[in-house]
Amino acid sequence: MQTIGVLYNPLVPATAQAGERIAAWLGERGLSVWLGTSQSARDEPELVAPCELLLALGGDGTVLRAARVGITHNMPILGVAMGHLSFMAEVTEESVYDGLEVLLNGGGWYDQRTLVRARVLRQGQEIYNDLALNEVLLSRRDVARVVHVSVAIDDMPLTSYRADGVLVSTATGSTAYALAAGGPVLDPRSDSLLLVTVAGHLTSLPALVLPPATKITWTLDRQHPTIISLDGQWSFPIEPEDQIEVTRADEICRFAHVYPQAHFYQTLTQRLRRQ
């Protein structure tokens, strides 16, 4: 590796300070370093493009923003736990230097995480198209309302939900909103998709684990204000009779690891207790 990116959370000064320390440490070893936020990465993509690894300093939200950068430039992400929720982090602030030594010396390993793509069709015309690493959520905008939505799997009707929301999650997102809504935990290397209802009313249909090639289609049945939300950070308003198609994306997100593959299970219980 010759160039490494360090992305920090601008709302948490400690992550910027840690970023400066890591950048100095890397510079002492003769590496070039890009240091900045996800916004600066979007504003100056030509500066980020040469990076061969991108560190994400913060919680899971920072990792999600870093993933957007990594997907665009096909660079792996190394999460550094410096937030309240750091389920997606590989190392801590204290162990990041040992982890970097492993990667710089050719060790460690990389996995490819499944992404989902959400498309909104209005009268047959696509009006929205975006990617998510964790989940796509269809939910109400008004607190006092529930979502009325019909669900189809590969164009075959499945059921209609009355719920606070319904989501499609990747394996990475199975430990996020999907878990809080009662879904199972999937190995993050899995390419399966999860279909999970959020506080479903009068429904006995459990969370479904679906094959990676599945197309899930949602169609609103009522006129209450509704939105789709991607990874809890990007949203789009939905109107009655809009169709939302969620599929596995062609793109992937790469993550860097310094611990054995079984480390996910070794630390699973501990991480779940922190949530």
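## Exercises on a predicted model

Just after helix 5, glycine 106 has a positive phi of about 85 degrees. The model is predicted. The exercises start from this helix and then move outward.

**Exercise 1. Find which residues of helix 5 are buried, and work out how they are placed around the axis.**

Step 1. Helix 5 covers residues 96-104. Its buried residues are Val96, Gly99, Leu100 and Leu103.

Step 2. These residues cover an arc of only 100 degrees around the axis, which puts them on the same side of helix 5.

Step 3. Now look at the cover. It includes helix 1 (13-28) and strand 3 (54-58). Strand 4 (77-81), strand 5 (91-92), strand 6 (109-122) and strand 17 (243-257) are also among the covering elements.

**Exercise 2. Locate glycine 108 and classify its exposure.**

Step 1. Glycine 108 sits in the loop between helix 5 and strand 6.

Step 2. Partly exposed runs from the 20% limit for buried to the 50% limit for exposed. Glycine 108 has 41% relative accessibility, so it counts as partly exposed.

Step 3. Set aside neighbours within four places in sequence. Glycine 108 then contacts Val102, Leu103, His257 and Val258. Leu103 is also one of the buried residues of helix 5.

Step 4. Check a C-alpha distance. Glycine 108 and tyrosine 259 are 151 residues apart along the chain, yet their C-alpha atoms are separated by 6.8 Å.

**Exercise 3. Is glycine 165 buried or exposed? List its contacts too.**

Step 1. Glycine 165 belongs to strand 11, residues 165-169.

Step 2. The limit for buried is under 20%. At 2% relative accessibility, glycine 165 is therefore buried.

Step 3. Neighbours within four places in sequence are again left out. The contacts of glycine 165 are Leu137, Leu138, Ser139, Thr197 and Val198.

Step 4. The C-alpha atoms of glycine 165 and arginine 140 are 6.7 Å apart, with their positions 25 residues apart along the chain.

**Exercise 4. Test the whole chain against the globule rule, then describe its make-up.**

Step 1. A compact globule of 275 residues would have a radius of gyration near 19 Å; the chain has 20 Å, which agrees.

Step 2. The C-alpha trace spans about 60 × 40 × 35 Å along its principal axes.

Step 3. The chain holds eight helices and 17 strands. Buried residues make up 50% of its 275 residues.

Step 4. Take contacts between residues at least 6 apart in sequence. Of these, 69% join residues at least 24 apart.

Step 5. Finish with the surface and charges. The chain exposes about 12,700 Å², and carbon and sulfur atoms supply 49% of that. The mean positions of its 21 positive and 30 negative charges lie 5 Å apart.

Terms used
Residues are numbered from 1 along each chain as its sequence is written. This is a predicted model: local features need pLDDT of at least 70, side-chain atom pairs count only at pLDDT 80 or more; totals for chains, interfaces and linings use all residues. Side-chain values use heavy atoms; hydrogens and water are left out. Helices (H or I, at least four residues) and strands (E, at least two) are DSSP runs, numbered from the N terminus. The radius of gyration is taken over C-alpha atoms; the globule rule is 2.2 Å times the number of residues to the power 0.38. Buried means under 20% relative accessible area, exposed over 50%, partly exposed in between (1.4 Å probe, protein chains only). Contact means heavy atoms within 4.5 Å. Accessible areas come from the Shrake-Rupley method with a 1.4 Å probe; for residues, only the protein chains shown count as cover. Lys and Arg count as positive and Asp and Glu as negative; His and the chain ends are not counted. The place of a charge is taken as NZ of Lys, CZ of Arg, CG of Asp or CD of Glu. The arc is that of the directions from the helix axis to the C-beta atoms.
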